[in-house]
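User: Please go through the fold of this chain with me, from its overall make-up to its individual helices and strands.

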Amino acid sequence: ASWRPRTSPPPPRLIHVCFQELASLSDELAGDLTTNPNLTLHLNPTRIWASFETDRLLGDDTPEPAGAVLFYAWRSEVRTSVLEPESVLMLRTLADGAPCHLENLQLRLKLMVGTDLELLVDLITECAEAGLIAFS
């Protein structure tokens, strides 16, 4: 038996800062999403899921309580996103295998629900603009 130093995961603040660094390049790299097979998708690691049980916080123009809600860190604030079912499925699938390439994510979603590439690219781009996904 050999002795090995005990390694621990990086502190959460470091993980958050590393993601923010990657996200700072998202505008540049988003255009390469469909043309660069080596582009890697990273999901914001500082997030938590919830659901609204009432429409009180949503305002008068929302007809019924929304489903999935995601709270996540972006720069120095906590953001809230009320997500459509397609986005929820995409983000949960990415969470199960991130980081990954677009082709891998598309294959996993296609096997589950038949998501096409155009819709997937739109969802990823919207999530990147919101600070949920970064590229490298």
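The questions and answers below proceed from the whole chain to its parts.

User: On what basis are the statements made?

Analyst: This is a predicted model, in which local features need pLDDT of at least 70 and side-chain atom pairs count only at pLDDT 80 or more, while totals for chains, interfaces and linings use all residues. Residues are numbered from 1 along each chain as its sequence is written, and side-chain values use heavy atoms, with hydrogens and water left out.

User: What pattern of helices and strands does the chain follow along the sequence?

Analyst: Helices (H or I, at least four residues) and strands (E, at least two) are DSSP runs, numbered from the N terminus. The chain has five helices and six strands. Read along the sequence, their pattern is α-α-β-β-β-β-α-β-α-α-β.

User: What percentage of the residues in the chain is buried?

Analyst: Buried means under 20% relative accessible area, exposed over 50%, and partly exposed in between, with a 1.4 Å probe and protein chains only. Of the 136 residues in the chain, the buried share is 35%.

User: What share of the contacts with a separation of 6 or more joins residues 24 or more positions apart?

Analyst: A contact means heavy atoms within 4.5 Å. Among the contacts with a separation of 6 or more, residues 24 or more positions apart account for 58%.

User: In what order do the strands of the open sheet lie?

Analyst: Two strands pair if DSSP finds at least two bridges between them. Strand β2 (residues 47-51) and β3 pair in the antiparallel sense over five bridges, and β3 and strand β4 (residues 77-82) do so over six bridges. The edge strands are β2 and β4, each pairing on one side only. The open sheet of three strands thus has the order β2-β3-β4.

User: By what angle are neighbouring strands of this sheet turned against each other on average, and which helix packs on the sheet?

Analyst: Axes are lines fitted to C-alpha atoms, for helices over the stretch in contact, and angles run from 0 to 180 degrees between N-to-C directions. With direction ignored, neighbouring strands are turned by 25 degrees on average. The helix that packs on the sheet touches β2 and β3, and its direction makes about 140 degrees with that of β2; this is α3 (residues 85-97).

User: Which residue in the turn between β3 and β4 has a positive phi?

Analyst: Strand β3 (residues 68-74) is mostly covered, with six of its seven residues buried. Y72 stands opposite R79 in β4, and F71 stands opposite T80. The two strands form a hairpin with two residues between them, and the turn residue with a positive phi of about 55 degrees is R75.

User: Is S81 buried or exposed?

Analyst: S81 lies in strand β4. Not counting residues up to four places away in sequence, S81 touches A68, V69, L70 and Y72. Its relative accessible area is 13%, so S81 is buried.

User: Why do the buried residues of α1 line one face of the helix?

Analyst: The buried residues of helix α1 (residues 12-23) are H16, F19, Q20 and A23. An α-helix has 3.6 residues a turn, so residues three or four places apart point the same way. Elements that cover the buried residues of α1 include α2 (26-29), β1 (40-43), β3 and β6 (133-135). Seen down the axis of α1, with directions taken from the helix axis to the C-beta atoms, the buried residues line one face because they fall within an arc of 100 degrees.

User: How far apart are the end C-alpha atoms of α5?

Analyst: The expected span of a helix is 1.5 Å times one less than its number of residues. For the 14 residues of helix α5 (residues 117-130) this should give 20 Å. The end C-alpha atoms agree with that value, lying apart by 20 Å.

User: Which residues are exposed on the other side of α5 from its buried ones?

Analyst: In α5, L120, V121, L123, I124, C127 and A128 are buried. They cover an arc of only 165 degrees around the axis, which puts them on the same side of the helix. These buried residues pack against β1, α3, α4 (102-113) and β6. On the other side, the exposed residues are E118 and E129.

User: How many disulfides are counted?

Analyst: A disulfide is a pair of cysteine sulfur atoms within 2.5 Å. C18 is partly exposed, at 43% relative accessible area, whereas C127 is buried at 5%. By the distance rule, the count of disulfides is zero.
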